[in-house]
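Notebook open, coffee ready. I want to look up a few things here and jot down what I find.

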Amino acid sequence: MALFQRDLGIDLGTMFTRIIEGGQMILEEPTVVAVDIEELKMVAVGHEALNMMGRVSQDAIQVTRPLQSGVVAYYELTERLLEFQVKKISGPLGGFRPKNLTRIMITHPYGITSVERRAVHEAALQVGDAFMLPTPLAAAIGVDLPIGTPSGNMIVCMGGGCTQAAVMAMNDIVSGETLRQGGLQLDEAIASYVRKKYGLIIGQPTAEQIKLSIGAAVPQDEEKSLDLQGQDQVSGLPRAFTFTTGEVVEAVQPALEAVFETIRQVLEKTPPELASDIIDRGIALCGGAALLRGMDKLMTQKLGVPTYLVDNPITCMGEGAERGLEMLPILRRNVPQL
Ligand SMILES: Nc1ncnc2c1ncn2[C@@H]1O[C@H](COP(=O)(O)OP(=O)(O)OP(=O)(O)O)[C@@H](O)[C@H]1O
Ligand SMILES: [Mg+2]
């Protein structure tokens with residue numbers, strides 16, 4: 001590596017932007033931007049912008065997630081967000097570092113269109129010499145799966161906005177699928193369950209809070225409950241209700257079934273030799289939504305293939321992206337968009 005050169009792995013997710021340098025996560029901020037509509041000026045990014053969500057007048061300040069379902073929905077905002085975050089980690093003198101001395105490997109969902117891929121690339125080029133890696137490949141590198149060998153390895157990344165499943169061998173993705181649904185859709189499932197069963201409206205943040213504090217994918221020995229307030233669908237007035245772990249399990253099943261169906265499709269497309277490797281080795285599970293209690297257990301039951309949660313489910317994508325920069329000559333052969 002040249003003197004002063006800097007290598008960054010960037011995992012640009014629907015919910016979080018994570019930057020890894022030297023194997024360490026040096027930035028983790030929500031992928032959220034707040035814009036002053038009148039002055040067309042970015043007023044806040046990351047945690048600060050997320051705190052404004054639902055609390056400021058939408059006529060004056062628009063709070064937006066520039067990525068939706070894992071892909072860039074608002075190109076300019078994504079570009080500004082990356083610029084802001086990279087400047088932030090560079091410190092006061094960082095702005096003087098020439099862009100071509102920063103090498104970036106940025107993740108993107110597997111199987112997106114070339115237009116969608118170009119949007120990520122163009123945004124990343126604003127902050128450095130940018131390369132791209134499909135998320136499952138980055139994650140597999142980040143968890144040290146032996147993807148350089150001819151044997152099959154499978155990883156499932158369950159993020160906030162999308163779920164990706166891929167089988168890899170010889171540093172390449174042999175079969176894969178991206179479902180444009182993730183943890184956010186589990187929140188929606190909980191909110192719609194509450195609306196149907198109790199006639200109460202709750203927002204996504206409350207639904208997520210339920211999922212994080214008492215949620216599970218399979219019934220638990222210890223049933224937890226949470227006392228909450230919702231807005232009555234008819235009267236519009238606040239009303240209290242209690243929600244339990246068992247109800248979360250029931251609410252999220254249909255959304256999880258879509259995830260399993262996607263994984264089944266990938267397994268069906270996988271050559272039999274590789275599929276038998278996967279049955280032996282198991283499926284590696286990563287991403288924030290994979291942290292739902294019992295997710296690995298439910299997947300093992302539903303797919304009949306042993307599934308395990310990796311040690312670094314949140315950071316493996318960014319870690320693998322950074323390491324991917326060292327592997328460019330190998331990856332270039334098999335990842336045509338690099
Ligand atoms: N302990 C937990 N239990 C259940 N869900 C969790 C837990 N921790 C985080 N999540 C969920 O994980 C999701 C965020 O995951 P992650 O940070 O991997 O997403 P992302 O990388 O930003 O999105 P994507 O990769 O889909 O673009 C959110 O929906 C969040 O609610
Ligand atoms: Mg992600």
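Which helices each supply at least two residues of the shell around ligand 1? I looked and found two of them: helix 5 (183-198) and helix 6 (204-214). Note to self: this is a predicted model.

**Entry 1: around the ligand**

I stayed with ligand 1 for a while. Helix 6 gives the largest share of its shell, with 3 residues. There are 21 residues around ligand 1, and the ones that come nearest are Gly13, Met15, Gly159, Gly183 and Gly288. I then sorted the shell by class and got 8 nonpolar, 11 polar and 2 charged residues. I also checked the domains: domain 1 (6-31 + 66-138 + 317-334) and domain 2 (148-310) each give the shell at least three residues.

**Entry 2: the sheet**

Next I traced a sheet. What is the order of its 5 strands? I read 3-2-1-9-10, in an open sheet with mixed pairing. Strand 3 and strand 10 (129-134) are the edges; each has a single partner strand, so one side of each has no neighbour in the sheet. From one strand to the next, the twist averages 20 degrees.

I went through two of the pairings. Strand 1 (residues 6-12) runs antiparallel to strand 2, and 4 bridges join them. Here I found Gly9 opposite Ile20 of strand 2. Strand 2 (residues 16-21) and strand 3 (residues 24-30) are antiparallel too, joined by 6 bridges. In that pair, Thr17 has Glu29 of strand 3 as its bridge partner. The hairpin of strand 2 and strand 3 has 2 residues between the strands, and Gly22 takes a positive phi near 60 degrees there.

**Entry 3: helices against the sheet**

Helix 3 packs on the sheet, where I saw it touching strand 1, strand 9 (102-108) and strand 10. The direction of helix 3 makes about 145 degrees with that of strand 10. Helix 4 (residues 135-142) lies across strand 9 and strand 10, and runs at about 90 degrees to strand 10.

**Entry 4: one residue up close**

I picked Val120, which sits in helix 3 (residues 114-125). Is Val120 buried or exposed? I counted 25 other C-beta atoms within 10 Å, so Val120 is buried; the cut-off for that is 20 or more. Skipping neighbours within four places in sequence, I listed the contacts of Val120 as Leu12, Val72, Ile106, His108 and Met132. Last lookup: Val120 and Ala321 are 201 residues apart along the chain, and their C-alpha atoms are separated by 14 Å.

Conventions:
Residues are numbered from 1 along each chain as its sequence is written. Chains are lettered from A and ligands numbered from 1 in the order in which they are written. This is a predicted model: local features need pLDDT of at least 70, side-chain atom pairs count only at pLDDT 80 or more; totals for chains, interfaces and linings use all residues. A residue is near a molecule or strand if its C-beta atom, placed from the backbone, lies within 6 Å of it. Helices (H or I, at least four residues) and strands (E, at least two) are DSSP runs, numbered from the N terminus. Ala, Val, Leu, Ile, Met, Phe, Trp, Tyr, Cys and Pro count as nonpolar, Asp, Glu, Lys and Arg as charged, and the others, Gly among them, as polar. Domain bounds come from an automatic or database domain assignment. Two strands pair if DSSP finds at least two bridges between them. A residue is buried if 20 or more other C-beta atoms lie within 10 Å of its own, exposed if 12 or fewer, and partly exposed in between; C-beta atoms are placed from the backbone. Two residues are in contact if their C-beta atoms, placed from the backbone, lie within 7 Å. Axes are lines fitted to C-alpha atoms, for helices over the stretch in contact, and angles run from 0 to 180 degrees between N-to-C directions.
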